[in-house]
Amino acid sequence: MFKKILIANRGEIALRIIRACKELGIKTVAVYSEADRDSLHVRYADEDVCIGPGEAGKSYLHVPSIISAAEITDAEAIHPGYGFLAENAHFSEICESCKIKFIGPSSDTIRKAGNKSMARKVMMGAGVPVIPGSEGDIKTEEQALEIANKIGYPVIIKAAAGGGGKGMRIAHTEISLTNALMSTKAEANAAFGSDEVYIEKYIEEPRHIEVQILADKFGNVIHLGERDCSIQRRHQKLLEESPAPGLPPDVREKICAAGLNVARTVNYVSAGTVEFLMDKYFNFYFIEMNTRIQVEHPVTEIVAGVDIIKQQILIAADKKLSFKQEDIKFSGHSIECRINAEDPDNNFMPSPGQITTYSAPGGPGVRVDSHAYQGYIIPPYYDSMIGKLIVKENTRLEAIKRMERALDEYIIEGIKTTIPFHKKILSNASFQGGKFNTGFISTLTNDE
Ligand code: MV4
């Protein structure tokens, strides 16, 4: 087992990883930017190294500083968390060449999963349902028009190097397709340094369902069920839950089996997530695979009874999974609300600054994953999420009630947060009835 792990991240996920390490008897190294000197992850870790100024590009994204910090402290492994360098194949390759274990899949797997067009082609070949569209990337305008005519409009053009909503355009006609093709290519080239694009039939108001996978290097692959992540605003998830509401048992079984098939097809090793879009008839289609630990992993931990971060570390240390699929017993319902320092009444504008008063909720079935504390100053440089409130109850409606109760208990003063907006979501009849899709949030806001 590793003796010491460096956490190449900040905020709540750095704390989450430190907690897992402590329980596994592993020493921890925090890295921090000058803006994070007073952060809890620095306090909780056994050692800490300042890696640069506040701007992420000069600290949490600065590969030489992070590698140096690992070398200086003799850390044998680096946990990247999510965001920053978590899905950067180049970074994981540098770790590999420095004999530092990157806690995640191989750089080869990260690179392959990063090319969405290639991933789609591979999954087609493996019999995983994919959205009708191109087989691999689009070479010419004629090819795009031909495919669109075959599958019918509307279609969506996506950047092969994109994902998470970046670099995509919808086209309803031949003329708009020609335009969308050009602009998506230009945007993709500027954003990702690759103008590769592919085409899919556009699915109206899909649900976003994802399957959590654990796979060890001995070929054991298991799933921990699915999450519904449809409650999003501009591709930022706000609330996630497990199990996905209203899925017929046979659909749940099939989507989890498809997740396993995806992981097995790429010989996946680590914790990972397979994302699907689902239409109103419960047809589901593979869209991409995430090779990192995800923000919303706690809802799965709670219903499946597995510590996903510990398992991810054990897998990276070449351990065999100590349980089988049959050992996973799902129970109850879990919901997570992301608490962001944003003003929901002002277009979700970031609201950095000092938290003058802070008291977190508690009581039965409540978990708070947060680096916030009274007096904490939220720096302006990073993502605005200051914590996650996660609840468990036996049924979905009871979990909603518990979340409403916990949100009522949350006291945060000095900054604006998404707490009032979460109360709006939870009290909505369509949400309560499980009747929602990725278009839901736009029915509560003025955007789009
Ligand atoms: C789609 C789609 C409809 N049809 N693909 C957005 C994020 C990226 N991972 C994939 N996305 C979408 N792909 C087809 N063929 C609609 C979306 C989409 C979406 C997906 C998941 C969650 C929220 C979303 C919000 C808008 C659009």
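In what order do the eight strands of the open sheet stand, and in which sense do they pair? The order is E13-E12-E9-E10-E11-E14-E21-E19, and the pairing is antiparallel. E13 and strand E19 (366-370) stand at the edges. Each has a single partner strand, so one side of each is left without a neighbour in the sheet. From one strand to the next, the twist averages 25 degrees. This is a predicted model.

## The eight-stranded sheet in detail

One pairing shows the pattern. Strand E14 (residues 333-340) runs antiparallel to strand E21 (residues 385-393), and eight bridges link them. Within this pair, Ser334 stands opposite Lys392 in E21. Strands of a sheet pair through backbone hydrogen bonds, in either the parallel or the antiparallel sense.

## The three-stranded sheet

A further open sheet has three strands, in the order E7-E6-E8. Its pairing is antiparallel. Strand E7 (166-171) and E8 are the edge strands; each pairs on one side only. Here the twist averages 25 degrees from one strand to the next. E6 and E7 run antiparallel and are joined by five bridges. Ile157 has Arg169, in E7, as its bridge partner.

## The ligand and its shell

Where does the ligand sit with respect to the domains? Domain 2 (132-201) and domain 3 (207-445) both give residues to the shell around the ligand, so the ligand lies between them. The shell holds 17 residues. The closest are Lys158, Glu200, Lys201, Ile203 and Thr438. By class, seven residues of the shell are nonpolar, six are polar and four are charged.

Three of the closest residues place a polar atom by a ligand nitrogen, as tabulated here.

| Residue | Protein atom | Ligand atom | Distance |
|---|---|---|---|
| Lys158 | polar side-chain atom | nitrogen | 2.9 Å |
| Lys201 | polar backbone atom | nitrogen | 2.7 Å |
| Ile203 | backbone N or O atom | nitrogen | 2.8 Å |

So how much of the ligand does the protein bury? Taken alone, the ligand exposes 520 Å², and the protein buries 90% of that. Three elements give two or more residues to the shell: strand E6 (155-163), strand E8 (197-201) and strand E13 (284-290). Both sheets are represented here. E6 and E8 belong to the three-stranded sheet, while E13 is an edge strand of the eight-stranded one.

## Backbone features in the loops

Most residues other than glycine have a negative phi, and most peptide bonds are trans. Which bonds and residues depart from that pattern here? The peptide bond from Tyr153 to Pro154 is cis, with omega near -5 degrees. Pro154 lies in the loop between helix H7 (141-151) and E6. E6 is the middle strand in the order E7-E6-E8.

Another cis peptide bond joins Ser242 and Pro243, with omega about -5 degrees. Pro243 is in the loop between strand E11 (236-242) and helix H9 (249-265). E11 belongs to the eight-stranded sheet, where the order places this strand between E10 and E14.

Glu205 shows a positive phi, near 40 degrees, in a residue other than glycine. Glu205 is in the loop between E8 and strand E9 (207-215). That loop links strands of the two sheets: E8 is an edge strand of the three-stranded sheet, and E9 stands between E12 and E10 in the eight-stranded sheet.

How values were computed. Residues numbered from 1 in each chain as written. Predicted model: local features only at pLDDT ≥ 70, side-chain atom pairs only at ≥ 80, totals over all residues. Heavy atoms only, no water. Near = heavy atom within 4 Å. Polar contact = N/O pair within 3.5 Å; in protein donor to acceptor, adjacent residues only side chain to side chain. Areas by Shrake-Rupley, 256 points an atom, 1.4 Å probe, with all protein chains shown as cover. Helix = DSSP H or I, 4+ residues; strand = E, 2+ residues; numbered from the N terminus. Nonpolar A, V, L, I, M, F, W, Y, C, P; charged D, E, K, R; others polar. Domains from an automatic or database assignment. Pairing = 2+ DSSP bridges. Axes fitted to C-alpha atoms, helices over the stretch in contact; angles between N-to-C directions.
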